[in-house]
Amino acid sequence: MQTAVVKALSVILSILVLLPRLPSALTLALLRSYNDSAAQSARVGAIRNGRIDQADEQRFAAFDLTDETVRYNEVRTIATHNSYKKAMPQGLYDFSKIIWGEQKFKSTMYEHDTLSAQLGNGIRSFELDIRWQVNGFKIYHNGLPDNGSTCPDWKLALEELRLWSDANPGHVPITVLVEIKRDNPARNPLYADMDEEKFRQLDQTVADIVGAEKAVTPADLMGRWPTLGAMAQNGGWPSLAQLKGKIIFLLHPDSVYTRLYIGMDPSLKTQWFVPAFGAGETAVYPDDAAFLIANNPDIGLVRPLVARGCIVRVFMDYDRVYNASMKEAALASGAQILTTDLEKGVVLPRSDYVAEFPGGYTVARNLPAQ
């Protein structure tokens, strides 16, 4: 009983201490969303007007990009985790620590540069979290206070990717892993769950903004093969040369949304996203499993999947922390998409370490699986 009373008094005291700081914290939270949107709009507008750098693609690659024998599944890229993420402003973070405790948001205090800046540093794979809202598809991590984003508007993010790609037509293909997030409608009244109509809207945004000449669809990857699984398992991946200058959109595994999306057309011939699956789901989706997510770089798990013909995503570091053994396992696993929080140009956390392949490259090559 005494413990409960002490806790209640402690909460009341914390609230009283926080009250004077509440207006400034709320102002920070509200202004942040507006400022993020304004910054994205201004940046994409500038890119439309030609303010974009051209990259020396070969400088990022540890092998000859003109080699026409290289298959796409032999190409390895450095990817960023929650590629849109912005850290909370320090004032808002300090306020949140008092309410929720020291550890609640500690792991969220990392920040990437813009998508086009990351591309300019050699990143060729992104992870974007989106949710459907009545004001359009939006990209951010969570609700307040962890909602900072360099690219909150999905359509403008697509345009930024396309414009950068147009300005750098020979680039290594970019993969964009899209995770559909779920929100509590009570906390976000603009939100609604996905259904077939919303997935059609999502497909249409890629069709309209990126277009058939640049977006790589499941049908494009299948080619003459009847399914994605057959293509992958029979060494049918397109060559790197065929996919240069292209963008591949992947749908993050989800027990409900994956089935819903595939069910819209089980042949996948009309969809714009390539479904990705968990590393243990190849038996559940044998016809569709070509891209797999294995967050832990377990060599014993990942190498057989790569040898099977699949493209696998793993983490090479996690939770903003460099781990030498984790990086070593990721490199040795043969996984093609290696995800990091610590890429070149990362805004936070500040560190002398940079996640890259040996030699300082962000694009490398696997030898063909035996």
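Which side chain of opposite charge is nearest to Asp341, and how far away is it? Hi everyone, let's start there. The nearest one is Arg320, at 6.5 Å. Asp341 is buried, and yet it has no salt bridge, because a salt bridge needs the two groups within 4 Å. Please keep in mind that this is a predicted model.

So what does the side chain of Asp341 meet in a polar contact? That partner is the side chain of His81, at 2.9 Å. Asp341 also touches a number of residues further off in sequence, among them Tyr110, His112, Asp317 and Pro349. As for its place in the chain, Asp341 sits in the loop between β10 (337-340) and β11 (363-365).

Let's step back along the sequence to helix α13, residues 324-333. Its buried residues are Met326, Lys327, Ala329, Ala330 and Ser333. They lie on the same side of α13, because they cover an arc of only 165° around the axis. In an α-helix there are 3.6 residues a turn, so residues three or four places apart point the same way. The face turned away from that buried side carries Ser325 and Glu328, which are exposed. And the buried residues pack against β1 (75-80), α12 (299-307), β9 (311-315) and β10. After the helix comes Gly334, with a positive phi near 85°.

Finally, a word on confidence. The chain has a mean pLDDT of 91, with 87% of its residues at 70 or more. Strand β6 (residues 247-251) has the highest confidence, at 99, while helix α1 (residues 2-18) has the lowest, at a mean of 52. Over residues 15-19, pLDDT stays under 50. Thanks for listening!

Technical notes
Residues are numbered from 1 along each chain as its sequence is written. This is a predicted model: local features need pLDDT of at least 70, side-chain atom pairs count only at pLDDT 80 or more; totals for chains, interfaces and linings use all residues. Side-chain values use heavy atoms; hydrogens and water are left out. Helices (H or I, at least four residues) and strands (E, at least two) are DSSP runs, numbered from the N terminus. Buried means under 20% relative accessible area, exposed over 50%, partly exposed in between (1.4 Å probe, protein chains only). Lys and Arg count as positive and Asp and Glu as negative; His and the chain ends are not counted. A polar contact is a pair of N or O atoms within 3.5 Å; within protein, one must be able to donate a hydrogen and the other to accept it, and residues adjacent in sequence count only if both atoms are side-chain atoms. Contact means heavy atoms within 4.5 Å. The arc is that of the directions from the helix axis to the C-beta atoms. pLDDT is the predictor's confidence in each residue, from 0 to 100.
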